[in-house]
Amino acid sequence: MSGQILRFDDTEHRNADALLPWFVNETLSDDERASVDRHLRDCARCRREVEALRQLQAFCRSAPARIDATPGPRNVNDRVSAASRRGFIRPWLQPLLEHWRRAPQWTRWVIVAEFAGVLALTAFVGAYDGESSAPYRTLGESSPASPFGRIAVVFMPDITESEMRRIVQAVGARIVDGPTSTDAYVLQVPTTHPTDALMALRSEPAVMFAEPLSARVDR
Amino acid sequence: MSWPMIAERGGRSQPFEPSAVDEATLVARIAGRDAAAFDLLYRGYRPRLRRFVERVTRRPQIVDEVLDDTMLIVWRKAGSYNLRSKVSTWIFGIAYRRALKALKRLDDPVEAEVSERSDLDAAGPEDTVLAREERVRIAKALRALSAEHRAVIELTYYEGHSCADIAEVMRCPVNTVKTRMFYARRRLRMLLADVAEERR
């Protein structure tokens, strides 16, 4: 701002100056453009500004985005399918999350403690069953037991879907049930790496709670 | 602006250049859960959105997440799209809000050195107009702007949106867009002067 005395009305100058970026990108209405054109005839400062803005525009248009190194880590159909699945889960998830957010802090802790108690009991019963079952299969048993272990997980209430998806995919798991009334999900993990999956889940900041539901996952 | 080649069933490819009407039709088909329409729209918008989100956030680690979230919202909310706004304005608005939300969630105050290299390595006819040093100065100054100011600059000069369209993207009055642009320009002028001073 040079402080030079302007020959024209200052309001007109300010109005024209505000429109210069869109004068340069040629999206002004006819009236606005005509008014800026008129002003430019008398205003050297605005003419210089137009040149500077054209330079900025040339820069913006010539500077490319970074190369997309991951053009399709997941194809669009997968995304749509995933979105559809989430569309099914959402109606269940939203009210529960809303209740959770509104609940006082002490209520949340009570719910978490109750949930932990139920899970501990479930795990205990599961472990007992595992110990009492016979270490052999009868000839009539057509197939071996499921090659998957199950883990109950409670995520932080404000977790995003993409973050939840990332965590589940990172441990090679699938959501097979949930959310329950306590916002828990049941993940199914291959028994080739169940303990790794459990440890990985527990190390995620967005995971509040991760406990094995079957004896196939070592604590 | 180039659009990707979309493969047809017979393996032949043709450029996909949707007009505003085509885009609105695609969104209507997406509302009816047409995955092929979503695919077309996604491929058409991804490069532009990617660049926009990159420029606004300057955080490469959140770009893919913002893009994913944006397109999934498009898939879910296609039924609520109304023809009063352009499809591009609607989609960029979603991307802008997701980008700001993702930025708020981040703790790191230091912006990653994202695109100075690509800004400088750009090869094109503009290189004959803009001297390399000038490009360095502008890139450096742009990086120092706020996300909102960068968004106004990007939407105006790269996307070529009108002031009214940008107001829709940012969900604010037209005068607010003008004010943001005014302050963005003023800050750029100061930053460019500082950079020039540093070089002396």
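Here is a short tour of a predicted model, from chain A to a helix pair and the cores.

**Stop 1: chain A.** Start by colouring chain A by secondary structure: you should find seven helices and four strands. Walking from the N terminus, the order of elements is α-α-α-α-α-β-α-β-β-α-β. Of the 219 residues in this chain, 22% count as buried. If you look at contacts between residues at least 6 apart in the sequence of chain A, 69% of them link residues at least 24 apart.

**Stop 2: two helices of chain B.** Next, select residues 60–77 of chain B, which form helix α3, and residues 87–105 of chain B, which form helix α4. Their axes come within 9 Å and cross at roughly 135 degrees. That angle falls outside the ranges for parallel, perpendicular and antiparallel, so α3(B) and α4(B) are oblique to each other. The crossing is right-handed. Now show side chains: α3(B) contributes I62(B), E65(B), V66(B), D69(B), T70(B), I73(B) and V74(B) to the contact, while α4(B) brings I91(B), I94(B), A95(B), R98(B), A99(B) and A102(B). By type, the residues of this contact are nine nonpolar, one polar and three charged.

**Stop 3: the cores.** Keep V66(B), I91(B) and A95(B) selected and add I30(B), V53(B), Y96(B) and V152(B): these have the most contacts inside the largest nonpolar core, which has 60 residues. Zoom in on I30(B). Beyond its neighbours within four places in sequence, I30(B) touches A37(B), F38(B), L41(B), V74(B), W75(B) and A78(B). To finish, select F155(A), V171(A), L187(A) and A210(A), which are among the 19 residues of another core, apart from the largest one.

Key:
Residues numbered from 1 in each chain as written. Chains lettered and ligands numbered in written order. Predicted model: local features only at pLDDT ≥ 70, side-chain atom pairs only at ≥ 80, totals over all residues. Core = buried A, V, L, I, M, F, W, Y, C linked by C-beta atoms within 7 Å. Buried ≥ 20, exposed ≤ 12 C-beta atoms within 10 Å, placed from the backbone. Contact = placed C-beta atoms within 7 Å. Axes fitted to C-alpha atoms, helices over the stretch in contact; angles between N-to-C directions. Parallel < 35°, antiparallel > 145°, perpendicular 65-115°, else oblique. Left-handed = near helix turned anticlockwise from the far one by under 90°. Nonpolar A, V, L, I, M, F, W, Y, C, P; charged D, E, K, R; others polar.
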